[in-house]
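Here is a short report on how helices pack in a predicted model. Two helix pairs are described in turn.

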Amino acid sequence: MFKNFKSVTKTAYGRGSFDKLDEILEEKRPTPDACMVFLVDDVFQSKPGVKDRIPVRGNDVLLWINVAKEPTTEQVDKIRDDVLRDKGLPAGIIGIGGGSVMDLAKATSLMFTNEGSSTLYQGLNLVKKPGIYHVGVPTISGTGAEVSMTAVLTGPTKKLGLKCDWTVFDQIVLDPDLLDGVDRNQWFYTGMDCYIHCVESMTGTQKNTFSEAYGWKALELCKEVFLDSDNGRSKENEEKLMVASYMGGLSLTYSEVGVCHALSYGLSKIFDIHHGIANCIAFNQLKDVYGDFVDEFHTMVEKHKIDIPKNLSAQWNEEDIDAMAEVAIKLEHMWNHAFGANWKKVLDKDRIKGWYRKM
Ligand code: NAD
Ligand code: ZN
């Protein structure tokens, strides 16, 4: 199997590294008044400890992003159009937040230089030109969006990433201090995204030595955080989870996600359920595919007393279930990875609907 992947160009890691961001950006400003666009999760609007340290200079744009809804193609197009109208082409874009804000920054970087709506570029290698300089600063750990080559967007008809070499960040800043204050359930849901990435990446047909090396290490770190320690939220564990997220993302880069993500995308697209919790809802019912990993997941849920919504299907009608199954079945690359090239022999829409009915 031939793979030839682009990696993040520069990675800053360590507590306090966020304070180096100004210095890092300075090198990328062609003139002192060049414009940088900061997309920042609006949860930080009320957190002076981070808000006051965002290195915004004279001509920069700072946009507070509400992530109650996951990023959309419409949102990306609007940010691009507004900034181009008011400032012209910026020198760079920085996403400070979770997977939602980082994906927004990655996608908008590409759309500054590619014409038309971002809906045109949802898929693999559809983007025509490199985007502008882009930086990711994660503030919650698990998605691996800081290192992955995709920027997942919800569009009018599909939830699908803009995936190409140019999507990958030019720079990431991994500062575990930024993880302070994440809500407990959200910490678990996003953390489990990493756990599930590893399980899916290593159990499908596209697994290989690279994906397994990163995946097993990330899984080991997840277990240290969520199973073996009494205080999952200790400083040491926050550091481990930040690195696990990065490695889980790399494991995926060399492999693919599987059944849980396909089902999760259906939940997100039809009911706007956020990625992390949607994964947990789906994974909870996938013992027939992921066996002992699902038992281990249940142990972690119980240990941390996390609320995973159940019996949701009691509220769904047949149309809802059909719509989710339709979203899921189109994600052929995930089924191909999970069950092999002949996946249609073991999977049809009815089997997918069966999983949704259990949720
Ligand atoms: P998120 O970015 O949606 O944020 C979840 C919640 O955590 C929000 O309420 C946010 O305000 C809050 N939050 C973030 N940092 C915080 C902090 N330090 N303190 C307090 N609250 C904080 O969550 P996520 O799970 O990181 O990202 C989900 C998104 O990532 C989805 O859109 C999903 O599609 C995408 N994703 C992308 C990839 C990829 O490879 N590009 C992989 C997986 C998921
Ligand atoms: Zn995921």
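Helix α8 covers residues 259-271, and helix α9 covers residues 275-283. Their axes lie 8 Å apart and pack at an angle of about 125°. That angle makes α8 oblique to α9, because it is neither within 65 to 115 degrees nor over 145. The crossing of α8 and α9 is right-handed.

From α8, the contact residues are Cys260, His261, Leu263, Ser264, Tyr265, Leu267 and Ser268. From α9, they are His275, Ala278, Asn279, Ile281, Ala282 and Phe283. Sorted by class, this contact has 8 nonpolar and 5 polar residues. No charged residues take part in the contact of α8 with α9.

The second pair is helix α11 (residues 318-329) and helix α13 (residues 349-358). Here the axes come within 9 Å and cross at roughly 120°. The angle makes α11 oblique to α13. The crossing of α11 and α13 is right-handed.

On the α11 side, the contact is made by Glu318, Ile321, Asp322, Met324, Ala325, Glu326, Ala328 and Ile329. On the α13 side, Lys349, Ile352, Lys353, Tyr356 and Arg357 make the contact. By class, the contact of α11 with α13 has 7 nonpolar and 6 charged residues, with no polar ones.

The table sets out the class counts for each contact.

| Helix pair | Nonpolar | Polar | Charged |
|---|---|---|---|
| α8 with α9 | 8 residues | 5 residues | no residues |
| α11 with α13 | 7 residues | no residues | 6 residues |

Conventions: Residues are numbered from 1 along each chain as its sequence is written. Chains are lettered from A and ligands numbered from 1 in the order in which they are written. This is a predicted model: local features need pLDDT of at least 70, side-chain atom pairs count only at pLDDT 80 or more; totals for chains, interfaces and linings use all residues. Side-chain values use heavy atoms; hydrogens and water are left out. Axes are lines fitted to C-alpha atoms, for helices over the stretch in contact, and angles run from 0 to 180 degrees between N-to-C directions. Helices (H or I, at least four residues) and strands (E, at least two) are DSSP runs, numbered from the N terminus. Angles under 35 degrees count as roughly parallel, over 145 as roughly antiparallel, 65 to 115 as roughly perpendicular and the rest as oblique. A crossing is left-handed if the near helix is turned anticlockwise from the far one by less than a right angle, and right-handed if clockwise. Contact means heavy atoms within 4.5 Å. Ala, Val, Leu, Ile, Met, Phe, Trp, Tyr, Cys and Pro count as nonpolar, Asp, Glu, Lys and Arg as charged, and the others, Gly among them, as polar.
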